[in-house]
Amino acid sequence: MQERIQVMESQYLDLLEKVEDWLIACDDKEVAAIIRWHYILCTDWKETTRKVFRRTGNADYFRARKRVYRYFGEEE
C-alpha cells in the first residue's frame, strides 16, 4: 500500500510540474491566475473571481468561469 501511495504521489507531482510549466508559458496571465486559484489552490469560482478581478470589484460567480471556458473554446 505504501509503495502504491508513493507511485501516485510521484505521478501527482509530475502532473503538477507540467501544469505549472504551462501556467508560466501561458500567454494570458489572467487565465493562468484563474486556473491557479481555482484548480490548484481549490478556491470556489466566486472567491477566484474576487482574487483575480479585485480591482473592478465585480465578484460575479460566472466571470472567472466564463473567462476560462472562453479561453479553451468551450463556451456554454
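1. A salt bridge, as the term is used in this note, is a side-chain nitrogen of Lys or Arg within 4 Å of a carboxyl oxygen of Asp or Glu. The structure discussed here is a predicted model, and it holds five salt bridges of that kind. One of the five joins R36 to E20, whose closest N and O atoms are 2.7 Å apart, a distance that falls within the 4 Å limit. Because R36 belongs to helix α2 and E20 to helix α1, which covers residues 2-25, this pair ties together parts of the chain that are 16 residues apart in sequence. Both partners count as partly exposed, R36 having a relative accessibility of 28% and E20 a relative accessibility of 25%.

2. A reader new to the model may next turn to R67, a residue of helix α4, which spans residues 61-71. R67 forms a salt bridge with D28, and here the closest N and O atoms are 2.5 Å apart. The link is between distant parts of the chain, since D28 sits in the loop between α1 and α2 while R67 sits in α4, 39 residues away in sequence. In accessibility the two partners fall into separate classes: D28 counts as buried at 17% relative accessibility, whereas R67 is partly exposed, with a relative accessible area of 26%.

3. R67 also has a salt bridge with E30, for which the closest N and O atoms are 2.8 Å apart. This second pair likewise links distant parts of the chain, with R67 in helix α4 and E30 in helix α2, 37 residues apart. E30 counts as partly exposed, its relative accessibility being 32%. Through the salt bridges that share partners, D28, E30 and R67 are joined into one network.

4. The cysteines deserve a separate comment, given that the structure holds zero disulfides. Why does C26 not form one with C42? The sulfur of C26 lies 19 Å from the closest cysteine sulfur, which is that of C42, and this is too far for a bond, because a disulfide requires a pair of cysteine sulfur atoms within 2.5 Å. Seen from the other side, the closest cysteine sulfur to that of C42 is the one in C26, again at 19 Å and too far for a bond. Their surroundings contrast as well, for C26 is buried, with a relative accessible area of 4%, while C42 is exposed, with a relative accessible area of 63%.

5. C42 merits a second look for its backbone. The residue is placed in the loop between α2, residues 29-40, and α3, residues 45-52. Its phi is near 60°, which is a positive value in a residue other than glycine. As background to that point, most residues other than glycine have a negative phi.

6. The packing of α3 against α4 can be described next. Two packed helices are described by the angle between their axes and the distance between the axes. For α3 and α4 the angle is about 85°, and the axes are 7 Å apart; α3 is therefore roughly perpendicular to α4, as angles of 65 to 115 degrees count as roughly perpendicular. On the α3 side the contact is made by W45, K46, T48 and T49, and on the α4 side by Y61, R63, A64, R65 and V68. Sorted by class, the contact between these helices has four nonpolar, two polar and three charged residues.

7. Two residues of helix α1 complete the picture, the earlier in number being W22. At 35% relative accessibility W22 counts as partly exposed, and, with residues up to four places away in sequence not counted, it touches I35, Y71 and F72. The C-alpha atoms of W22 and A32, which are ten residues apart along the chain, are separated by 8.6 Å.

8. L23 is also placed in helix α1. Is L23 buried or exposed? L23 is buried, with a relative accessible area of 3%, which is under the 20% limit for that class. Leaving aside neighbours within four places in sequence, L23 is in contact with K29, A32, I35, R36 and I40. The C-alpha atoms of L23 and R36 are separated by 7.9 Å, although these residues are 13 apart along the chain. R36 thus appears twice in this note, as a contact of L23 and as the salt-bridge partner of E20.

Terms used. Residues numbered from 1 in each chain as written. Predicted model: local features only at pLDDT ≥ 70, side-chain atom pairs only at ≥ 80, totals over all residues. Heavy atoms only, no water. Buried < 20%, exposed > 50% of the residue type's maximum accessible area, 1.4 Å probe, protein only. Helix = DSSP H or I, 4+ residues; strand = E, 2+ residues; numbered from the N terminus. Axes fitted to C-alpha atoms, helices over the stretch in contact; angles between N-to-C directions. Parallel < 35°, antiparallel > 145°, perpendicular 65-115°, else oblique. Contact = heavy atoms within 4.5 Å. Nonpolar A, V, L, I, M, F, W, Y, C, P; charged D, E, K, R; others polar.
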